[in-house]
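Let's walk through this one together, from its strands and helices out to the places where its parts meet. Have the coordinates open and follow along.

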Amino acid sequence: MAEKMELKEVEVWDGNYAASQALRQAQVDVVSAYPITPSTPIVENYGAYVANGYVDGEFVMVESEHAAMSGCVGAAAAGGRVATATSSQGFALMVEVLYQASGMRLPIVMTVVNRALASPLNVRGDHGDMYLGRDSGWVQIDAFNAQEAYDLTLCAFKIGEDMRVRLPVMMHQDGFLTSHTAQNVHPLSDDEAYKFVGDYKPYEEMLDFTKPVTYGAQTEEDWHYEHKARQHKALMESKDVIDEVFAEFKKLTGREYKRVESYMMDDAEVAIVALGTTVETARVAAEQLREEGIKAGVVAPRCFRPFPFDEIRDALENTKAIAVLDRSAPMGAMGALFNEVSAALYTTPNRPLVTNFIYGLGGRDFSVEEAKRIFKEQKAHADAGHITTPIQQFSGVRGPKLGFFETKRGN
Amino acid sequence: MAITNIKNLKEFSTANERFEGAHLLCPGCAHSMIVRELMNATDDNLVIASNTGCLEVSTAVYPYTSWDTSWIHIGFENAATAVSGAEAMYKARKRKGTLKDPDAPVKFVAFGGDGSTYDIGFQWLSGAVERGHDFTYICLDNENYANTGGQRSSATPIGAHTSTAQAGRVSYGKKEKKKDLVAIMAAHGAPYVAQLAPNKWKIMAKGFQKALETEGPCFINTVSACTTEWKFDPKDTIHITDLATDTLMFPIYEIINGHELNILYRPKNIIPVEEYLAAQGRYKHLFKPENRHVIEQIQKEINEKWEYLQRREEARV
């Protein structure tokens, strides 16, 4: 039996440590991992828990991230709780196996400490890796600070392992800004946390020899499509389980999570939509602008996949102008979040004005002042009744001002 | 039925049903013989992982499966890692008492073709062996990417024609020598490494048993004659394999703990390699006068390798 850890009512943890404590409290059976900045401390800490008897699991340090996820798939198919962590290039190297993990419906939990993708090489936080995973068939949940990284990692096991879901879950947090910033975190006791997550329920496991299973079969045009359609359906329907798990977590802790987090949106005229730590920056900016009489609000998809289309639409439909912030190089198109938010808003009668800001690539700072400037620009669009700038702009980049894509409305 | 109780080939061929006869491998493919020999070598429960390749695509086409045991396929390169993960989970669950049948003996096995073993999955294999997982990796070495239509791999011998190392007006086929993977795996310090062939089925079964019984990572390279890409009549699979072992093109030996080398089969009459080459379409261009030198080179290298193996065995180092 693993030793228990006495935790204080309030601990000072960074996002990495918070995530690793959640892995320990969930008593993960196998961590198969490869180190990469900035996620490395998560698996180092798990290794320390194993070495000191705080967890009974197996720590498999493999020779690449591709192997890390391959080991996770083999371990999960053998019927136990599995977790890992990665970032950036490591995430990119794993991509092949991410699709295989979700296709085999294996509830692995992986923390992705978001970091830019090379080239040029960069260790700082942006969402290039998160976006790379968006078609991989995983549930993707985003934590904006260390407390959320802890809380939502516990929730992630419960969501992925639910018999109605049985899908892998990515837990995102921003590289360095969350992963390496120590903050106050209110943990659960070991017993409370484990009781919340629950025992792992093996399903179609390779170690039950009374019922042999074949994992990773071949399907061509006769069956592949049905498998993928059902997988999409399962991912879509996971939203109900996510809501249930969040509700149960609120009952236990008082801390409330929603698939879309709305802040001061009841009467908002202008809004920012963003992911990660930027959400908190935008909230501060909105508060300050409210004092200046601008009705600003912030909407954040807590759940990136399944994409909360209806909830995004409902949260934003009564605003006049919206800036959607994408922390990922769009490379020849609109930002991905912009596209998805715009698609949701296109179905509303009022169709608010939506612009796209690319920002913060490779860890470039995003300030409250810049968020306020963006809000004010939205206010100008709202007052004019149409978008007065290019639809896509680059925030905080040096050199000539960049703008792409034009609106036909209001001209 | 355990192999120790099996008296003859007929009994052997019907002894184990964990690998069904209904599969899509080519008639005359040696892969299924080797898989059956593995299955026959143990009564223990098996967790098997396969790399992408002929064996995998021919045995698990949904909604069918040829495997009446736990089986997983992830990708082209990572069967060794899939089985590593499963083995780690077995250890964790055994310790925690969450296995359904905690006392049942379990063996972990990975299969890969030579493309996935010598080339694309080499790193995954090396990592799994270095980590010391308790498993046996079996390479079904047919010396080419047969599943994708016969391209060269680093296991393809010099002089062989493949679709990506073609014999032509000014080319004698593959220019490079075969990678010595057995030596490389022995150099990992794996407790048991061997090269085996299905025509010598008793030796092969014993080798498999030794690997399964050895704690830690074991690697076995098996010659798997490929009727389609080596270009011989499907009925001649064992005949071709006999030529492979008796010309010493494919010597049968084991290496224990990275150094103790034992030759497991010594042909009574060593056959000139020309006979082996002449029996296969992939080498037919070597018999043109301008390519004869390649046959001489192959024979010379076989002789040198055999001399080396014998001296290594004798030296006991």
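Two strands count as paired if DSSP finds at least two bridges between them. Helices (H or I, at least four residues) and strands (E, at least two) are DSSP runs, numbered from the N terminus. This is a predicted model, in which local features need pLDDT of at least 70, side-chain atom pairs count only at pLDDT 80 or more, and totals for chains, interfaces and linings use all residues. Residues are numbered from 1 along each chain as its sequence is written, while chains are lettered from A and ligands numbered from 1 in the order in which they are written.

Let's begin with a sheet in chain A. Seven strands make up an open, mixed sheet, and their order is β10-β12-β11-β14-β15-β16-β17. At the edges sit β10 (260–263) and β17 (403–404) of chain A, each with a single partner strand, so one side of each has no neighbour in the sheet. Further in, β14(A) (residues 321–326) and β15(A) (residues 353–358) run parallel and share six bridges. You can pick out the register from two pairs: Ala321(A) stands opposite Leu353(A), and the bridge partner of Ile322(A) is Val354(A).

How many of the six residues of β15(A) are buried? Six of six are, with buried meaning that 20 or more other C-beta atoms, placed from the backbone, lie within 10 Å of a residue's own (12 or fewer makes it exposed, and anything in between partly exposed). Look at both faces of β15(A): Leu353(A), Thr355(A) and Phe357(A) are buried on one side, and Val354(A), Asn356(A) and Ile358(A) on the other.

Elsewhere in chain A, β2(A) and β3(A) run parallel and are joined by four bridges. Ser32(A) has Val60(A) as its bridge partner in β3(A). As for side-chain directions, Val30(A) and Ser32(A) point one way from β2(A), Val31(A) and Ala33(A) point the other way, and all are buried.

Now zoom out to the domains. Chain A splits into domain 1 (11–253) and domain 2 (262–404), with bounds that come from an automatic or database domain assignment. Their C-alpha centres are 29 Å apart. Where they meet, 27 residues of domain 1 are in contact with 18 residues of domain 2; contact here means C-beta atoms, placed from the backbone, within 7 Å of each other. On the domain 1 side, the elements giving two or more residues are α5 (128–132), β6 (139–142) and α8 (224–253) of chain A. The largest share, five residues, comes from α8(A).

Next, the junction between the chains, where 38 residues of chain A are in contact with 40 of chain B. On the chain A side, β2 (30–33), β3 (58–61), α3 (65–77), α4 (88–103) and β9 (214–215) each supply at least two residues, and α3(A) gives the most, with nine. That side is made up of 18 nonpolar, 14 polar and six charged residues. In this count Ala, Val, Leu, Ile, Met, Phe, Trp, Tyr, Cys and Pro are nonpolar, Asp, Glu, Lys and Arg are charged, and the others, Gly among them, are polar. There's strand pairing across the chains too: β9(A) and β2(B) (residues 70–73) pair in the parallel sense over two bridges, with Tyr215(A) opposite Ile72(B).

Over in chain B, helix α2(B) (residues 31–40) is mostly covered, with ten of its ten residues buried. Among them are His31(B), Arg36(B) and Glu37(B). Then find Ser116(B) in helix α5(B) (residues 114–120). Is Ser116(B) buried or exposed? Ser116(B) is buried, because 31 other C-beta atoms lie within 10 Å. Beyond its neighbours within four places in sequence, Ser116(B) is in contact with Asn51(B), Thr52(B), Gly53(B), Phe76(B), Glu77(B) and Gly121(B).

Finally, a word on the core and on confidence. The largest nonpolar core has 219 residues, of which Val73(A), Ile272(A), Val83(B) and Ala86(B) touch the most other members. Such a core is a set of buried Ala, Val, Leu, Ile, Met, Phe, Trp, Tyr and Cys residues joined through C-beta atoms within 7 Å. The predictor gives the complex an ipTM of 0.97 and a pTM of 0.97.

Methods:
Contact = placed C-beta atoms within 7 Å.
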